[in-house]
Amino acid sequence: MSKRNIFLKGADISFVDEIETEGGVYREDGRERDVLDILKDAGVNSARLRVWNEPSFDYCNPAKTVKMARRIKDKGLHFLLDLHYSDYWADPSKQFMPKAWVGLSFPELTEAVRTFTRDVVAELKRQGALPDMVQIGNEITNGMLWDQGRVDGEWNTREQWSKLGELIRAGVRGLREALDDSDDVAVMIHIDRGADNEGSRYFFDRLVQMNVEFDVIGLSYYSWRHGSLEEFAFNLNDLARRYKKE
């Protein structure tokens, strides 16, 4: 069965490498085990890894992501790659430009996004750890790569949305350039508007109007901020029907 046709029950395991390297272990019923075996036996069939461009520590960088990705694929799990396009956490409150990209012109920045995406995915493929799904950005509700691709507040303009669209397209181009025709890798666009149907529609309407290519809608859901589980379920179903996306 295609991995696009199964229900994914996933876990983000981006901290595992750091925990294990710093001496931590995982146990089940008092017995030390590989955490991926523990998760898999519990029904988890997908794992996500975030990648930062050049973090100040030796975790979650492209090289360490390849190492962890190989473990995921060796266990036969679905693999979701989460590209933050930042040297540290990216979310709606911060989408900091990687230090190596500060000062680039907008055409240079789109080229950097394209080549970085291509190179990361190509190396994963070369190592036998090709992702099954790739997030082009993490919680990009307010844009990405600030201020070039920012779209909140005073940056909520047609010009800025056009720039965000170009940055996403650059990431998708880079992904596609790393693939062969036989590779089946889904593109996720990920925001944080879990139970906020109006906010979710506002964002994805903009992307659809700009003909941005993607396959999957990703939503973070924080109940204390976004609303009830019923509102979350309504939003998921509404967006799937509205945009004909998974």
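**Exercise 1. Locate Val66 and characterise its environment.**

Solution. Val66 belongs to helix H3, residues 62–74, helices being DSSP runs of H or I with at least four residues, and strands E runs of at least two, numbered from the N terminus. The model is predicted: local features need pLDDT of at least 70, side-chain atom pairs count only at pLDDT 80 or more, and totals for chains, interfaces and linings use all residues. Residues are numbered from 1 along each chain as its sequence is written, and side-chain values use heavy atoms, without hydrogens and water.

Val66 has 10% relative accessibility and is therefore buried (under 20% relative accessible area; exposed is over 50%, partly exposed in between; 1.4 Å probe, protein chains only). Beyond neighbours within four places in sequence, Val66 contacts Glu123, Leu124 and Gln127 (heavy atoms within 4.5 Å).

**Exercise 2. Determine whether Ser86 is buried or exposed, and identify its partners.**

Solution. Ser86 sits in the loop between strand S5 (78–83) and helix H4 (106–126). Its relative accessible area is 2%, so Ser86 is buried. Apart from neighbours within four places in sequence, Ser86 is in contact with Trp52, Asn53, Phe96 and Pro98. The Ser86 side chain reaches the backbone oxygen of Phe96 at 2.9 Å.

**Exercise 3. Describe the packing of H6 and H8.**

Solution. Helix H6 (residues 197–209) packs on helix H8 (residues 229–243) at an angle of about 20 degrees, their axes lying 10 Å apart. H6 is therefore roughly parallel to H8 (angles under 35 degrees). The contact involves Asn197, Ser200, Arg201, Phe204, Asp205 and Val208 of H6, with Phe234, Asn235, Asp238, Leu239, Arg242 and Tyr243 of H8.

Note on methods
Axes fitted to C-alpha atoms, helices over the stretch in contact; angles between N-to-C directions. Parallel < 35°, antiparallel > 145°, perpendicular 65-115°, else oblique. Polar contact = N/O pair within 3.5 Å; in protein donor to acceptor, adjacent residues only side chain to side chain.
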